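Work through these exercises with the model in view. Try each task before you read its solution.

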Amino acid sequence: MAAGQCGLLAVPYSLILSFMDTNLPVSSHPRVVIIGCGFAGLQLAKKLRHAPVQVVVIDRNNYHNFQPLLYQVATGALEADSIAYPIRKIFAGQKNFFYRMADVQRVEPARNLVHTSVGDIRYDYLVIATGSLTNFFGIESIEKNAMQIKSIPNALNLRSFIFQNFEKALLTENPEEKQALLNIVVVGGGPTGVEISGSLAEMRRHVLPKDYPELDLQQMQVILVEASPAVLGPMSAKSQQESKRYLEELGVIVRLNTSIKRFENCRAYYSDTEYIPTENLIWAAGVNGAEVPGLPPEVVARNKRINVNQWNQVEGFQNVFAIGDVANLVTEEMPKGMPMLAPVAQQQASLLAENLQRLMRNEAPRNFEYVNKGVMAIVSRNKAVVDLPKDVHFSGILGWFTWLFVHLMTLVGFRNKVVAFVDWAFSYFSSDQALRLIIRPFSRRDVKDDQGKKKAEHQNSTPEYNPTPPAIQAPIATKMA
């Protein structure tokens, strides 16, 4: 498609059939509908503040969720409201901004229409910024029974589930059952897996002995399982080695070149017969794009990401775009697509805000070029690894302070920055985490609708899985060191 072909439409659809648009006001400006208010959607809506457009954001949650810190909510280091911020409050005073809390059911590009749970919304330009979903690689028993950390409800459920299992461990006299209740297996050696493993190991060392003096916590094992030969695969070899060393110093058992094949009856199998006894399996092994129904299958890649061109325009469409984790932008430097990182999403959003205005002026859009400003991961207090461009690497306490500063500054809202800083300072000086509350007990069971039919888990919804497996009666085949 020639550059500039997607110019300003002769008659904005926001002036046509506006009665269908969930009470959105009629505007003489073209309407930009953004599905999702993660890092990409949030940045785009902000960058369009002064643009001659009507910005409409659709999200099922009324808050922006800072996903990199979800694991701290799960382990009690932070409360949920310190990493979330109301969407309407973020955009208070932005006159061209409108928000609708809704589930997107499907898009209809032929009619420039988005079908949602609260009504149909027309658009002149559509931007899909739905992020990613957990990829269970088709393993049904894991999808059914494992815990995940992709949303605030996920994190709160995981927190409750872990502490509920400690309470159960106090009551059982069956040693095999107690071992399974205490063991925590984390699958996936990326940043999320490494960070939650380190946090759980610190909790075992500093927090749990105070709360559960009756339990022999020497029996508790935190086991990180990674299918590849190293943790933190995208980072430098030095960061990989140092993060593994940090984890092992904390007592985390790191099992590389190992895959979990199924999870049932309190057993995480890594072969047909060998398994790790655990009731607590945390799945952080991979993600897929959160595609939106309605696009032709040929524009959706195998990992559910949407194929886009160099300026994030969906293949075959003039006025539909995708940014962030859901966008599959392949280049010579990135043959597998851009990394699914917040900086990529934010940079794509900033450029798209500029390119939308270029297209409306019939000017050629600029191609996206990712500027890698570095990657980092925290393992525990005073232990983090940082890779910067030009092979600059540092770790330890300097890396830890760098990680704290970057994440503190990236949090949305002054209050959230203050609350997170206070909580981190308290945890650092007291070696304690105060948020060990089981506010809403969690049990794994199938989600069912009002007619009793099983429902598929929806992005950012609260997962409820099968009942907790019965106590283990058979001897444990494999005992971890």
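**Exercise 1. Find how many aromatic pairs the whole structure holds, then describe the one formed by Y269 and Y275.**

Step 1. Apply the rule: rings of Phe, Tyr and Trp (its six-membered ring) pair if their centres lie within 6.5 Å. A search of the whole structure gives nine aromatic pairs.

Step 2. Classify by angle: planes under 30 degrees apart are stacked, over 60 edge-to-face, and the rest tilted. Y269 and Y275 form a tilted pair, with 5.2 Å between centres and 55 degrees between planes.

Step 3. Check the cover. Buried means under 20% relative accessible area, exposed over 50%, and partly exposed in between (1.4 Å probe, protein chains only). Y269 has 8% relative accessibility, so it counts as buried. Y275 is at 3%, so it counts as buried too.

Step 4. Look for a cluster. F136, F137 and W283 form one.

This is a predicted model: local features need pLDDT of at least 70, side-chain atom pairs count only at pLDDT 80 or more, and totals for chains, interfaces and linings use all residues. Residues are numbered from 1 along each chain as its sequence is written, and side-chain values use heavy atoms, leaving out hydrogens and water.

**Exercise 2. Identify which charged residues lie over the rings of Y269 and Y270.**

Step 1. Use the test: NZ of Lys or CZ of Arg must be within 6 Å of the ring centre and within 35 degrees of the ring normal.

Step 2. Take Y269. R262 lies over its face, at 3.8 Å from the ring centre.

Step 3. Take Y270. The charged end of R255 sits over this ring, 4.4 Å from its centre.

**Exercise 3. Place A227 and list what it touches.**

Step 1. Locate A227. It lies in the loop between β12 (222–225) and α9 (237–249). Helices (H or I, at least four residues) and strands (E, at least two) are DSSP runs, numbered from the N terminus.

Step 2. Judge its exposure. Relative accessibility is 48%, so A227 counts as partly exposed.

Step 3. List the contacts (heavy atoms within 4.5 Å). Leaving aside residues up to four places away in sequence, A227 touches N257, T258 and S259.

Step 4. Compare sequence with space. A227 and S259 are 32 residues apart in sequence and 5.0 Å apart, C-alpha to C-alpha.

**Exercise 4. Count the helices and strands, then state what share of the residues is buried.**

Step 1. The protein has twelve helices and 24 strands.

Step 2. Of its 481 residues, 54% count as buried.
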